[in-house]
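Biologist: I would like a close look at a single part of this structure, taken slowly enough for a first-year student to follow. Could you start with one place where two elements meet, and then work outward to its surroundings?

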Amino acid sequence: MAQLEIDSIHVFYDKIEALKGVSLSVEARQIVTLVGGNGAGKSTTLKAVSGLLHPRGGQIRLDGRPLGRTPAHRIAAMGLVQVPEGRRIFGKLSVRENLDMGAFTRTDRAGIAEDKERMMALFPRLRERWTQIAGTLSGGEQQMVAMARALMARPRVLLLDEPSMGLSPMMVEQVFETVRLINRQGVTILLVEQNALRALGIADHGYVMESGRIILSGAGAALLDDERVQRAYLG
């Protein structure tokens, strides 16, 4: 049984149908990527999974349990956490305070302290910026804060929406290597990316989305070799 299943969901913005029967599945401990152009419906898919949008049709299941109209905060408490596009950190709070916000549902002080140390080991730059106001950090550093904040909730499934957007090539390399490391630590990942080459390069499985529909799926390496993907997304 897949850890996360999206079964023929339809999502609307008012009268405009953004997702037209989207189905995909994510097995435990996999990296699954969803690639496609602007406006394809990738971010809308993640918002539906995390409870920020509610499908009018179809079903989303986490560990076999239908999510229905479960509120976003309860979905997060169930172990599914999203790092949104554009990072959306708390810009007026320090790095430390941002990580505290990620652990706001937890009461295990010792565990929280251990996880802060783990985040500083995973993102060494954060140790140097620990008391700095997060809004003054570089784009790459803010992405680190956003990912660390999400991990402080101890997710079993992590949704990443365009984590490489606007970053330097060196920082993009670091972000994707960190995604692989997080996955090796046991976290299942659903990754939305416009950088199809890098995303499919680390993915166990991939889906290609166009105009609110899944048009191709397969192993990440197989999609990299697919002529249609190469023409449309790899130049």
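Modeller: In this predicted model, a good place to start is the pair formed by helix 6 and helix 7, where helix 6 passes helix 7 in a right-handed crossing. Helix 6 covers residues 139–151 and helix 7 covers residues 169–184, and their axes come within 10 Å of each other while crossing at roughly 15 degrees. Because angles under 35 degrees count as roughly parallel, helix 6 is described as roughly parallel to helix 7. On the side of helix 6, the contact is made by Gly 140, Gln 143, Met 144, Met 147 and Leu 151, and these meet Met 171, Gln 174, Val 175, Thr 178, Val 179 and Ile 182 of helix 7. If you sort the residues of this contact by their chemical character, you find seven nonpolar, four polar and no charged.

Helix 6 also has a contact with helix 3, which is made up of residues 95–102, and here the two axes come within 7 Å and cross at roughly 35 degrees. The crossing of helix 3 and helix 6 is right-handed. From helix 3 the residues that take part are Val 95, Asn 98, Leu 99 and Gly 102, and from helix 6 they are Val 145, Ala 148 and Arg 149. Sorted by character, the contact of helix 3 with helix 6 holds four nonpolar residues, two polar ones and one that is charged.

From these helix pairs we can turn to helix 1, where the question is how much of the helix is covered. Seven of the eight residues of helix 1 are buried, so this helix is largely enclosed by the rest of the structure. The buried residues are Lys 42, Ser 43, Thr 44, Thr 45, Leu 46, Ala 48 and Val 49.

One of them, Thr 44, deserves a look of its own, and it lies in helix 1, which spans residues 42–49. Thr 44 has a relative accessible area of 9%, and it counts as buried because this is under the cut-off of 20%. Leaving aside residues up to four places away in sequence, Thr 44 touches Val 11, Tyr 13, Ala 18, Leu 19 and Leu 53. With Tyr 13 there is also a polar contact of 2.8 Å, which joins the two side chains.

Moving on from helix 1, we come to Ser 50, which sits in the loop between helix 1 and strand 4, the strand of residues 57–62. Ser 50 is buried as well, at 6% relative accessibility. Again without counting residues up to four places away in sequence, Ser 50 touches Ala 72, Ile 75, Leu 80, Gln 82 and Leu 159. Just after helix 1 there is also Gly 51, which takes a positive phi of about 90 degrees.

Positive phi values appear in residues other than glycine too, and Asp 14 gives an example, with phi near 55 degrees. Asp 14 is in the loop between strand 1 (4–13) and strand 2 (16–26), and at 69% relative accessibility it counts as exposed. Ser 211 also has a positive phi, near 50 degrees, and its place is the loop between strand 9 (205–210) and strand 10 (213–219). Ser 211 is partly exposed, with a relative accessible area of 46%.

Note on methods: Residues numbered from 1 in each chain as written. Predicted model: local features only at pLDDT ≥ 70, side-chain atom pairs only at ≥ 80, totals over all residues. Heavy atoms only, no water. Axes fitted to C-alpha atoms, helices over the stretch in contact; angles between N-to-C directions. Helix = DSSP H or I, 4+ residues; strand = E, 2+ residues; numbered from the N terminus. Parallel < 35°, antiparallel > 145°, perpendicular 65-115°, else oblique. Left-handed = near helix turned anticlockwise from the far one by under 90°. Contact = heavy atoms within 4.5 Å. Nonpolar A, V, L, I, M, F, W, Y, C, P; charged D, E, K, R; others polar. Buried < 20%, exposed > 50% of the residue type's maximum accessible area, 1.4 Å probe, protein only. Polar contact = N/O pair within 3.5 Å; in protein donor to acceptor, adjacent residues only side chain to side chain.
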